[in-house]
Amino acid sequence: MQTLRRKDILGLEEMSAEEITLILDTARSMREIMQRKIKKVPTLRGRSVLNLFYEPSTRTKASFELAQKYMSADSVSVAGTSSSLVKGETLKDTVRNVEVMGIECVIMRHPVSGSTAYLARNIEASVINAGDGMHEHPTQGLLDMFTMLDKKGRLENLKVVIVGDIRHSRVARSNIWGLQKMGAKVTVSGPRTLMPVDLQVFGVEYTPFLEEAVEEADVIMALRLQKERQEGGLFPSLREYSELYGLTTNRIAGAKEDVLIMHPGPMNRGVEISSEIADSPRSVILEQVTSGVAVRMALLYLLLGGTKEE
Amino acid sequence: MKTLLIKGGRIIDPSREYDAQADLLVKDGLVEKVQKNIKSPSVAEVVEASGLVVFPGLIDMHVHLRDPGQEYKEDIFSGARAAAAGGYTALAAMANTEPVADDSSIIRYVKERAEGAAVRVYPIGALSKQLEGKEMAEIGRMKKFGAVAFSDDGKPVVNSMLMRNALQYAMGIDALIIVHEEDPYLFAGGAMHEGSVSSILGLRGIPAAAEEAMLARDLLLLKESGGRLHVAHVSTAGSVEMLRRAKGEGLQVSAEVTPHHLLLSDRAVKNTGYHTHTKVNPPLRSEEDRQALWEGLLDGTIDAIASDHAPHHPDDKDVEYDFAPFGIAGLETTLPLMLDQLSSGRVKGLTLSLLAERMSTAPARILGIEGGTLEEGKPADITIIDPEKSHTVNPGNWYSKSRNTPFAGRQLRGAPVCTIVDGRVVMKEGAVFEEGKRVG
């Protein structure tokens, strides 16, 4: 099998359709491993990975850790609060110290956009971005595409609607870049104040009217709405947001019959998505989580597998 | 009687619209005469300048020396050496030190400490006490002790009433106010210019309106109060347009632009992979803004080029983008970068005499200080330039304590080769001299 010819996975903007295809293909084989009775292969035996989470995370962190275990890699996880972060050590020093213990790959989540690019420049180990500020969350974008591909059989010409706070969302950015490279059409909807400035640079369609946005949609993805945005004066209230942009059966009636409902989690039920939608047969929100492990196994394999002589 | 003869250079003095091949004789620290073929067999020192260009000494009207308080980033001596190396004979030092230069004692400290420094150092006093934007600082007393202008630079004056009062008060004592235009609510914790690049990178944006809204306010207040105002580091097309109109209406407003805003756009943040050396305030703006700044500089809407030298310790910048301080160091790159723009022919209408005017004569006029001229009888502050000299920007060789430049590694054509202050050579071929002794 091929490997990725790059040291780091920082974002989908810089990745080609061929690379994305390779990752998604590889993830399919990885999912088979997950379906076995004994979910473990020796592929990454003797390889060491650091999970460095400077922001709280349940799903992504568990997903990466399980991916490492299923592949037999050795890993350590450091969370922001328990580490030297609070002692004033710089990111560079923290990671260099762990690197000399033999780490070959660092998975990092960090609140500052571009921090993974900064880290990647400064260490020899591979860096996988597990979410950097508002910039990108490439593994989420990949697992979302994997899920769509799995359910729809294709990405090309799918109409994908992303609803909510695009402006502050790394998930939206990774999906927008990745999906368009794979030939899908992306429409975004939400209040104008939650859209990025110069939205046209992303090449997506925009309408502030949800009913209009979801017409004939193959996929609708709701984003988590963060309460701080209301305090920042970007919209008046959760109640109003939910009335205008919350996904309900009525509001998405114009979408295709077999529309997929997605959400990167964690959900605010009753705000950006109603429970009737989140728990409906059209919802693939839990499948997304399963896909996450497969995609992350694939990335670890493609970055670390076969690059080092035994 | 100390004499020095600069032989055979092209002498450009915008203060007298002089541009000719000539010799320049310096006697006792003053320009004795400028004419062709000066015969003076007894001169102590001859500077051979054929093929070189002679400017009145350059003046950087916007420098952060970090002294007192943050001497690990820069101090008066290292900053003055960097200035001499960069072809400057004088600089104006901003007030945002620790303690803030909001009191005559700090102004005196800076002046006294700068006595042995390589170039002339003119302190700028704070406009408000502690730069808090609440109460006016003692600008009259500071002026008496040598402050050449008053500014809360680094911070805007948010309180409109304070700004209005300060303009009126300053007019009464003929003091110059320099403003850093920034609406803090629109700035909103931004890290770079707000636009398509910030959207892609996911960095919080600083909209052009953050600068323009405050400039519009201050021009209104200036119109009402009379007096004069200098606008620091203009960065947007909208600001240039407003200044053009204000000048057309006869307002006494002047403005400066930095080389980084002229040469780089917000794309640099992306192209360098979020390198913190591109993080500066005001931020590197859009390509359209960049073009408008050149137009403003060439048509005289923008009066001066200033470095806004903002030195930081390398450790301060070696962090995640949001955590890095704003600022680009510019004392040792500003003139070479501008000369390179000239020699490359990229900018139509850019000439040596325009550079001399914007970097020497104009800053002297705006600040009301000596210099900016090679007139006979005036202090011999002189910058000699080799417009053909090729070199590479190498911060490792700087006299400044800082290294924070986005221009490292750039190949440039054109450099200062000799800096003369008060008739004494303070830099020759890149080596700086303090009181006659070579340093560094």
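Domain bounds, as used on this tour, come from an automatic or database domain assignment. The structure on display is a predicted model.

**Stop 1: the two domains of chain A**

Select chain A and colour it by domain. The assignment gives domain 1 as residues 17-136 together with 290-304, and domain 2 as residues 138-288. Taken over C-alpha atoms, the centres of these two domains of chain A are separated by 26 Å. Next, display the boundary: 22 residues of domain 1 of chain A are in contact with 20 residues of domain 2 of chain A. On the domain 1 side, α1 (17-35), β4 and α11 of chain A each supply at least two residues. Which element gives the most to this side? It is α11(A), with seven residues. By class, the domain 1 side that touches domain 2 of chain A has 11 nonpolar, seven polar and four charged residues.

**Stop 2: strands β3 and β4 of chain A**

Select residues 126-132 of chain A, which form strand β4. Seven of the seven residues of β4(A) are buried, and the strand is mostly covered. Add residues 105-110 of chain A, which form strand β3. The strands β3(A) and β4(A) run parallel and are joined by five bridges. To find one of these places in the viewer, label M108(A) and its bridge partner in β4(A), N129(A). In a regular strand, side chains alternate between the two faces of the sheet.

**Stop 3: helix α4 of chain A**

Move to α4 (115-122) of chain A. Why is α4(A) described as largely enclosed by the rest of the structure? The reason is that six of its eight residues are buried. A residue counts as buried if 20 or more other C-beta atoms lie within 10 Å of its own. The buried residues of α4(A) are S115(A), T116(A), A117(A), Y118(A), L119(A) and A120(A). Display α3, β3 and β4 of chain A as well, since they are among the elements that cover these buried residues.

**Stop 4: where chain A meets chain B**

Show both chains. Here 20 residues of chain A are in contact with 18 residues of chain B. Two or more residues on the chain A side come from each of α3 (91-99), α4 (115-122) and α6 (170-181) of chain A. The helix α4(A) gives the most to this side, with four residues. The chain A side that touches chain B has eight nonpolar, six polar and six charged residues.

**Stop 5: the two domains of chain B**

Select chain B. It is divided into domain 1, residues 3-54 and 378-439, and domain 2, residues 57-367. The domain centres, taken over C-alpha atoms, are 25 Å apart. At their boundary, 35 residues of domain 1 of chain B are in contact with 47 residues of domain 2 of chain B. The domain 1 side receives at least two residues from each of β16 (382-392), β17 (411-421), β18 (424-428) and β19 (431-434) of chain B. Of these, β17(B) gives the most to that side, with seven residues. The residues of the domain 1 side divide into 19 nonpolar, nine polar and seven charged.

**Stop 6: a sheet in chain B**

Display the open sheet of five strands with the order β9-β10-β13-β14-β15 in chain B, where the pairing is parallel. The strands β9 (150-151) and β15 (304-305) stand at the edges with a single partner strand each, so one side of each has no neighbour in the sheet. Strand β14 (residues 252-257) of chain B pairs with β15(B) in the parallel sense over two bridges. Label E256(B) and its bridge partner in β15(B), A304(B).

Now add helix α7 (residues 208-225) of chain B, which lies across β10 (177-179), β13 (228-231) and β14 of chain B. This helix runs at about 165° to β13(B). Within α7 of chain B, select A209(B). Because it has 15 C-beta neighbours inside 10 Å, A209(B) counts as partly exposed.

**Stop 7: the nonpolar core**

Finally, consider the largest nonpolar core, of 236 residues. The members that touch the most other members are V106(A), I220(A), L300(A), V54(B), V119(B), F150(B) and I177(B). Helix α11 (residues 285-304) of chain A contributes the largest share of this core, 12 residues. Centre the view on F150(B): leaving aside residues up to four places away in sequence, F150(B) touches residues including I124(B), L127(B), I139(B) and I177(B).

Key: Residues are numbered from 1 along each chain as its sequence is written. Chains are lettered from A and ligands numbered from 1 in the order in which they are written. This is a predicted model: local features need pLDDT of at least 70, side-chain atom pairs count only at pLDDT 80 or more; totals for chains, interfaces and linings use all residues. Two residues are in contact if their C-beta atoms, placed from the backbone, lie within 7 Å. Ala, Val, Leu, Ile, Met, Phe, Trp, Tyr, Cys and Pro count as nonpolar, Asp, Glu, Lys and Arg as charged, and the others, Gly among them, as polar. A nonpolar core is a set of buried Ala, Val, Leu, Ile, Met, Phe, Trp, Tyr and Cys residues joined through C-beta atoms within 7 Å. A residue is buried if 20 or more other C-beta atoms lie within 10 Å of its own, exposed if 12 or fewer, and partly exposed in between; C-beta atoms are placed from the backbone. Two strands pair if DSSP finds at least two bridges between them. Axes are lines fitted to C-alpha atoms, for helices over the stretch in contact, and angles run from 0 to 180 degrees between N-to-C directions.
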